[in-house]
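Here are my notes for your first read-through of this model. Keep the viewer open and tick off each point as you find it.

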Amino acid sequence: MERSEALFAESLKLIPGGVNSPVRAFRAVGGTPFFAESAKGSKLYDVDGNEYVDYVCTWGPAILGHSSQPVQQALEAAISKGTSFGVPGPLELDMARLIEDWVPSVEKVRMCSSGTEATMSCIRLARGFTGKDKIIKFEGCYHGHVDSLLVKAGSGALTLGQPDSAGIPASLATETITLPFNDIESFLAAVNEFGDDLAGVILEPIPANAGLILPDPEFLQTLRQRADEIGFVLIFDEVMTGFRLGKAGAQGILGMTPDLSAFGKVIGGGLPVGAFGGKASIMDFLAPDGPVYQAGTLSGNPLAMAAGKAQLEELEATDAYVKLEEIGSQLEAGFRKRISDHPELPMKFYRVGSMFCLFFTKHEVHHLEDAKQSDLELFKRYFHHMKSAGVYVPPSQFETNFISSAHTNEDIEATLHAFDSFLGSN
Ligand code: PLP
């Protein structure tokens with residue numbers, strides 16, 4: 001028996017489902033998850049000695065690749081000073097300055113320890129600020145496992161066929177209105193009906209938890225316009241896209257200005273982190289200045305701040321976004337050529353910067369219902385084929401692939417070669 005199998009068998013006895021986060025269990029693709037031994041650059045190594053070109057990149061954070069030198073050095077320096085202080089530290093200001101410099105819509109920012117905390121806090125703040133309760137979210141968007149946002153959610157929830165979790169009071173779910181993404185009419189109809197009670201609208205501006213879905217610019221503009229007219233808080237969840245698609249994230253490339261934004265992943269350099277920020281007039285509603293309570297023992301943790309700061313500074317110093325775009329377009333060209341050479345197979349490819357998704361469907365994907373038309377059996381075959389060829393793509397059709405600046409030409413060739421052999425096997 002391989003070591004991963006033995007570890008997973010043991011893990012099943014100790015940890016629910018054998019994993020600390022559901023999608024890691026490989027339920028959507030079957031088989032045993034592999035256990036990591038180490039990771040360096042674009043590669044992940046398992047405990048059985050296998051090497052994988054990694055397109056999961058720890059679900060987004062590893063934008064410079066794994067164990068990048070600047071991040072490791074910053075961590076070593078920070079560890080030598082202490083791992084947590086419980087009083088403010090100068091690194092917290094450095095991080096706040098970086099975020100506010102890079103993302104113009106963020107006038108004030110507060111750090112927390114996960115993306116879930118960030119979106120949860122945005123929702124509470126929107127409710128506290130407006131004095132209203134209802135929230136609009138969009139089908140297939142995942143905002144972490146926040147009670148009121150785990151309604152028709154994406155990511156692992158969708159993968160497991162549990163977009164609505166047990167344990168969430170029906171009374172709370174009724175405060176969450178879910179609508180199809182990119183659908184202006186249904187949004188306007190909902191605003192007409194619930195506008196007076198609406199605290200906020202939250203969305204992934206480029207949804208990446210039901211595969212990868214591109215937004216209709218007119219749809220986004222409509223959200224902004226109605227927020228200005230009615231006064232609800234427009235919240236962009238940029239936990240995935242923030243600092244990944246460019247210095248100002250998705251809002252930067254889309255030319256949008258949300259009222260609040262949630263961040264995570266890349267800003268922690270691989271350590272547990274989250275942040276939320278936006279208009280000072282809204283952020284000042286937070287305790288200790290305002291009535292909305294929010295706190296965290298490890299918020300602004302010096303190790304997370306040091307790793308995140310080093311990662312952001314390295315991204316800027318190495319012009320990494322340009323490199324990521326180059327690698328992304330090279331991969332895209334390779335995938336697209338092969339897809340057009342195989343019209344008999346249902347495949348659609350989408351990419352934004354260093355994020356991409358291959359849907360196994362004949363039709364364009366504009367929202368969750370389109371993504372759900374994908375051939376999940378074909379996806380499973382694709383996943384296992386790629387994995388046996390040493391390429392690790394996310395273990396679900398409803399996830400996005402991530403590229404790091406450490407991915408090389410050889411990695412791309414190996415990936416396209418593995419894809420060729422998958423196509424040849426059909
Ligand atoms: N929001 C988005 C868009 C995400 O993709 C995720 C996680 O994947 C979250 C929020 C939750 O972040 P975390 O897993 O750090 O709690």
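1. Start with a bit of vocabulary: a residue is near a molecule if one of its heavy atoms lies within 4 Å of it. By that test, the residues around the ligand are S114, G115, T116, Y142, H143, G144, E204, N209, D237, V239, M240 and K265. Do remember while you look at them that this is a predicted model.

2. What kinds of residue make up that shell? Sorted by class, there are three nonpolar, six polar and three charged residues around the ligand.

3. Now zoom in on individual contacts. The side chain of T116 has an N or O atom 2.6 Å from an oxygen atom of the ligand. N209 also uses its side chain, with a polar atom 3.1 Å from a ligand oxygen. With Y142 it's the backbone instead: one of its polar backbone atoms sits 3.4 Å from a nitrogen atom of the ligand. How much of the ligand does the protein bury? On its own the ligand would expose 390 Å², and the protein buries 82% of that.

4. Time to zoom out. The protein's secondary structure adds up to 15 helices and 14 strands. Its radius of gyration is 21 Å, close to the 22 Å that the globule rule gives for 426 residues, so the protein is as compact as a globular protein of that length. If you'd like a feel for the dimensions, the C-alpha trace spans about 60 × 55 × 45 Å along its principal axes. Of the 426 residues, 56% are buried.

5. Next, the sheets. A reminder before you trace them: strands of a sheet pair through backbone hydrogen bonds, and they can run parallel or antiparallel. One sheet here is open, has four strands in the order β1-β2-β3-β13, and shows mixed pairing. Which strands are at the edges? Those are β1 and β13 (391–392), each of which pairs on one side only.

6. Walk through that sheet from the β1 side. β1 (residues 36–40) and β2 (residues 43–46) are antiparallel partners, joined over four bridges. To check the register, find S38 and look across to Y45 in β2. The two strands make a hairpin with two residues between them, and G41 in the turn has a positive phi of about 60 degrees.

7. Carry on to the neighbouring pair. β2 and β3 (residues 51–54) are also antiparallel, this time over three bridges. Two bridge partners to look for are V53 in β3 for K43 and Y52 in β3 for L44. This hairpin has four residues between its strands, and here G49 is the residue with a positive phi, near 85 degrees.

8. Move further along the chain to another hairpin. β11 (residues 348–352) pairs with β12 in the antiparallel sense over five bridges, and R351 stands opposite F356 in β12. Two residues separate the strands, and G353 in the turn has a positive phi of about 50 degrees.

9. Is β12 mostly covered or mostly open? Mostly covered: five of the five residues in β12 (residues 355–359) are buried. Look at which way the side chains go, too. M355, C357 and F359 point one way, F356 and L358 point the other way, and all are buried.

10. β12 has a further partner, β14, which it meets in the antiparallel sense over two bridges. There, M355 has F402 in β14 as its bridge partner. N401 belongs to β14 (residues 401–402), and with a relative accessible area of 5%, under the 20% cut-off, N401 counts as buried. Try one distance in the viewer as well: N401 and R351 are 50 residues apart along the chain, yet their C-alpha atoms are separated by 9.2 Å.

11. Last stop: S396, in the loop between β13 and β14. Is S396 buried or exposed? It is buried, at 3% relative accessibility. A polar atom of the S396 side chain lies 2.9 Å from the backbone nitrogen of F398.

Note on methods: Residues numbered from 1 in each chain as written. Predicted model: local features only at pLDDT ≥ 70, side-chain atom pairs only at ≥ 80, totals over all residues. Heavy atoms only, no water. Pairing = 2+ DSSP bridges. Polar contact = N/O pair within 3.5 Å; in protein donor to acceptor, adjacent residues only side chain to side chain. Areas by Shrake-Rupley, 256 points an atom, 1.4 Å probe, with all protein chains shown as cover. Nonpolar A, V, L, I, M, F, W, Y, C, P; charged D, E, K, R; others polar. Rg over C-alpha atoms; globule rule 2.2 N^0.38 Å. Buried < 20%, exposed > 50% of the residue type's maximum accessible area, 1.4 Å probe, protein only.
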